[in-house]
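Q: Got a minute to go through a fold with me? I'd like the strands, then the helix packing, then a few odd residues.

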Amino acid sequence: MPKRTDLRKILVIGNDAELLRILDASLTEAGYLVLASLHGQGGVLACREYMPALVILDVQLKGPMSGPQTYEQLRSLPARARIPRLLLGDPTLISDLGTDLCIRGPISPSDVLDRVRAFEVEFAL
């Protein structure tokens with residue numbers, strides 16, 4: 001589980017710059033510290049470096065490291081494998097990864113914020 005001081009730190013990984021900008025604004029306004037990466041490799045490095053309380057990952061991520069590959073890399077990080085991940089996007093890809101924390105289909109900032117707040121309640125943070 002994340003340290004108490006890190007509970008409001010969220011890492012968002014996706015290569016849709018507009019979606020990242022919107023999520024950054026929405027989550028920052030709600031009081032979260034947002035770290036963003038446009039690439040899977042950068043997201044994995046940021047997770048290693050900053051130990052966020054939650055990772056939000058667009059599973060439709062393109063590039064040298066796809067969304068599913070990024071997800072697997074995040075899961076394999078020692079001491080960070082327990083960081084919850086909220087997956088966004090394609091229901092088929094999400095189902096293949098087998099996670100309960102997800103938003104399938106069209107993504108709205110309010111849906112993401114609702115899920116983040118539910119995460120805080122679920123994990124009694």
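**Strands, helices and a few residues**

A: Let's start inside the sheet: E1 and E3 run parallel and are joined by 4 bridges. Keep in mind that this is a predicted model.

Q: Which residue in E3 stands opposite Val12?

A: Ile56.

Q: And what does Val12 stand opposite in E2?

A: Ala36. Next to that pair, Ile13 stands opposite Ser37 in E2.

Q: How many bridges join E1 to E2?

A: There are 5, and the two strands run parallel.

Q: Back to Ile56. What is its bridge partner in E4?

A: Leu86. E3 and strand E4, residues 85–89, run parallel and are joined by 4 bridges.

Q: OK, zoom out. What is the strand order of the sheet?

A: E2-E1-E3-E4-E5. The sheet is open, has 5 strands and pairs in parallel.

Q: Which strands are at the edges?

A: Strand E2 (33–37) and strand E5 (102–104). Each of them pairs on one side only.

Q: What does the twist average from one strand to the next?

A: It averages 15°.

Q: Let's talk about E1. How many of its residues are buried?

A: 5 of its 5, so to count them as buried each must be under 20% relative accessible area. E1 is mostly covered.

Q: Which residues sit on which face of E1?

A: Lys9, Leu11 and Ile13 are on one side. Ile10 and Val12 are on the other. Both faces are covered, and these residues are all buried.

Q: Lys9 too? Buried or exposed?

A: Buried, along with Leu11 and Ile13 on that side.

Q: What kind of unit do E1, H1 and E2 make?

A: A β-α-β unit, and it is right-handed. Helix H1 covers residues 17–29.

Q: Now the helices. At what angle do H1 and H5 pack?

A: About 50°, with their axes 10 Å apart. That makes H1 oblique to H5.

Q: Is that crossing left-handed or right-handed?

A: H1 and H5 cross in the right-handed sense.

Q: Which residues meet there?

A: From H1, Ile22, Leu23, Ser26 and Leu27. From H5, Pro109, Val112, Leu113 and Val116.

Q: What about H2 and H3? At what angle do they pack?

A: About 15°, and their axes are 9 Å apart. H2 and H3 are therefore roughly parallel to each other, since angles under 35 degrees count as that. The contact involves Gly40, Gly43, Val44 and Cys47 of H2, with Thr70, Gln73 and Leu74 of H3. The crossing of H2 and H3 is right-handed.

Q: Which strands does H3 lie across?

A: Strand E1 (9–13), E3 and E4. Helix H3, residues 67–76, runs at about 160° to E3.

Q: Switching to single residues. Where does Leu61 lie?

A: In the loop between E3 and H3.

Q: A loop residue. Buried or exposed?

A: Leu61 is buried, with a relative accessible area of 3%.

Q: What does Leu61 touch?

A: Leaving out residues up to four places away in sequence, Leu61 touches Ile13, Gly14, Asn15, Leu38, His39, Gly40, Ser66, Gly67 and Thr70. Gly40 and Thr70 also appear in the contact between H2 and H3.

Q: Asn15, hm. How far along the chain is that from Leu61?

A: 46 residues apart. Their C-alpha atoms are separated by 5.9 Å.

Q: Next, Met51. Where is it found?

A: In the loop between helix H2 (40–50) and strand E3 (54–58).

Q: What is its phi?

A: Phi of Met51 is near 45°, so a positive value in a residue other than glycine.

Q: Why flag that?

A: Most residues other than glycine have a negative phi.

Q: Is Met51 buried or exposed?

A: Buried, with a relative accessible area of 19%. The cut-off for buried is under 20%.

Q: Last one, Glu120. Which helix does it lie in?

A: Helix H5, residues 109–122.

Q: Buried or exposed?

A: Glu120 is buried, at a relative accessible area of 16%.

Q: And how far are the C-alpha atoms of Glu120 and Leu54 separated?

A: By 9.7 Å. Along the chain, Glu120 and Leu54 are 66 residues apart.

Methods:
Residues numbered from 1 in each chain as written. Predicted model: local features only at pLDDT ≥ 70, side-chain atom pairs only at ≥ 80, totals over all residues. Heavy atoms only, no water. Buried < 20%, exposed > 50% of the residue type's maximum accessible area, 1.4 Å probe, protein only. Pairing = 2+ DSSP bridges. Axes fitted to C-alpha atoms, helices over the stretch in contact; angles between N-to-C directions. Contact = heavy atoms within 4.5 Å. Right-handed = clockwise from strand over helix to strand, strands pointing away. Parallel < 35°, antiparallel > 145°, perpendicular 65-115°, else oblique. Left-handed = near helix turned anticlockwise from the far one by under 90°.
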